[in-house]
Every structure is written in C-alpha cells, then in structure tokens.
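Colleague: I am new to reading protein models. Could we walk through this one together, step by step?

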Amino acid sequence: MTATNHALTGAIIGLVVAQPALALPAALLSHFVLDTIPHFKTSVPDKIAYKTKAYRNYLIGEALLCFLLVLTLVIKQPFHWWVAAICAFLAASPDLYHYRYFIILRNDKRWRPNLFERFSSRIQWFERPIGAVVEVAWA
C-alpha cells in the first residue's frame, strides 16, 4: 500500500479506538495487514525506478499527502486527534525502514535483505500496476 493509505488507516484507528494503549499497536500492526492486500507497484524494476525523477516526485507526493493528513488533524482537532496523528505516523513508519533498500539500489550495490526486509517482501505477494484500483478503493 502507499504511505498515504497506511497513514489514513492509522488515523482512522486512532480516531475510532482513541485509547493510546490499544490504538498505537493496532496502527503499527495495520501496516502489515494492509501489505498483505493486493496493491500498486510499478512494473519498472526497483533498480531502475529508484533512479528516476518520477519516483522521486512520487515519494515527495506521498510525504506531502501524509503531512496534509496530519495538518488536517491538527487544524480540525477532532476528539483524540493527537492519537490519530501518532497512529498515522506509526502505520506508515515501517516503510521508512526501506530507505536502506532504496539507497543500496540507487548506488548500484548488492542488496542483502535482513530478517525484517525478507518478512516484509514476502507478505506483499501481489504488487502490480492493476493494484492501483485497490489503492484508490481503499482510500
């Protein structure tokens, strides 16, 4: 899933559950649940895509959408908005770990996945361009 969908899901968990002791772990776990659902990925191999301006713009767009979500929570301040904001970050945060993969491939080095990276790639069993339909429906 995109970072935006992870963050939206985390924010909803934070708003609905509202108790930090339950909402925070649920938001983090939601990341892995969402990654098991078919979702979008470009058909261009990572090693090529990660070097393109289009991918850089995609990452900037995702970061901007996540920022706007949190900004909306801050401005509107619904009940337990701060729990929702933290949950949004937690739900999207496991993807920050993939920054290592991004840097390694961008620098043409060999990637040796660690245990977390192997787990993460295995649960994402269906990443295809058609997964964009699921992403839009989820949002």
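Colleague: What is the volume of the largest pocket?

Modeller: Glad to help! Please keep in mind that this is a predicted model. The residues closest to the centre of the largest pocket are Y55, Y58, L59, D95 and H98, out of 44 that line it. As for the volume of this pocket, it is about 1,300 Å³.

Colleague: Which element gives the largest share of the lining of that pocket?

Modeller: Several elements give two or more residues to the lining, among them α1 (3-17), α5 (81-92), α6 (99-106) and α7 (115-123). Strand β1 (39-40) and helix α3 (46-49) belong to that group too. The largest share is 10 residues, and the element they come from is α4.

Colleague: How many residues of the lining are nonpolar, and how many are polar or charged?

Modeller: Every lining residue can be sorted by its type. Eight are charged and 10 are polar. The nonpolar ones number 26.

Colleague: Which elements each supply at least two residues of the largest nonpolar core?

Modeller: Nonpolar side chains tend to be buried together in soluble globular proteins. Here, the largest nonpolar core has eight residues: A7, A11, C66, L69, L73, A84, A85 and A88. One of them, A11, is in contact with L69, L73, A84, C87 and A88, leaving aside neighbours within four places in sequence. The elements that each supply at least two residues of this core are α1, α4 and α5.

Colleague: How far apart are the end C-alpha atoms of helix α2, and what span should its 16 residues have?

Modeller: Helix α2 covers residues 20-35, and we count 1.5 Å a residue. Its 16 residues should therefore span 22 Å, and the model agrees with that. The end C-alpha atoms are 23 Å apart.

Colleague: Which elements do the buried residues of α2 pack against?

Modeller: First, let us see which residues these are: A23, A27, S30, H31, F32, L34 and D35 are buried in α2. An α-helix has 3.6 residues a turn, so residues three or four places apart point the same way. The partners that the buried residues of α2 pack against are α1, β1, α5, α7 and α8 (132-138).

Colleague: Is E117 buried or exposed?

Modeller: E117 lies in helix α7. Not counting residues up to four places away in sequence, E117 touches Y97, R100, W111 and R112. Its relative accessible area is 1%, and buried means under 20%, so E117 is buried.

Colleague: What distance separates the C-alpha atoms of H39 and W125?

Modeller: H39 is found in strand β1, and H39 is buried with a relative accessible area of 2%. Its contacts beyond four places in sequence include M1, L34, Q124, F126 and E135. H39 and W125 are 86 residues apart along the chain, yet their C-alpha atoms are separated by 9.2 Å.

Colleague: What is the phi of Q77?

Modeller: Most residues other than glycine have a negative phi. Q77 is found in the loop between α4 and α5, and at 47% relative accessibility Q77 counts as partly exposed. Although Q77 is not a glycine, its phi is positive, at about 45°.

Colleague: And where is H80 found?

Modeller: H80 is a residue other than glycine with a positive phi, near 60°. H80 is partly exposed, with a relative accessible area of 23%. H80 is found in the loop between α4 and α5.

How values were computed. Residues are numbered from 1 along each chain as its sequence is written. This is a predicted model: local features need pLDDT of at least 70, side-chain atom pairs count only at pLDDT 80 or more; totals for chains, interfaces and linings use all residues. Side-chain values use heavy atoms; hydrogens and water are left out. On a 1 Å grid over the protein atoms alone, a cavity is a set of points where a 1.4 Å probe fits but cannot get out, and a pocket is an open set with protein on both sides within 12 Å along at least five of seven lines; lining residues have an atom within 4 Å of a point. Grid points are joined across faces, edges and corners, and a volume is the space filled by probe spheres set on the points. Helices (H or I, at least four residues) and strands (E, at least two) are DSSP runs, numbered from the N terminus. Ala, Val, Leu, Ile, Met, Phe, Trp, Tyr, Cys and Pro count as nonpolar, Asp, Glu, Lys and Arg as charged, and the others, Gly among them, as polar. The expected span of a helix is 1.5 Å times one less than its number of residues. Buried means under 20% relative accessible area, exposed over 50%, partly exposed in between (1.4 Å probe, protein chains only). Contact means heavy atoms within 4.5 Å. A nonpolar core is a set of buried Ala, Val, Leu, Ile, Met, Phe, Trp, Tyr and Cys residues joined through side-chain atoms within 4.5 Å.
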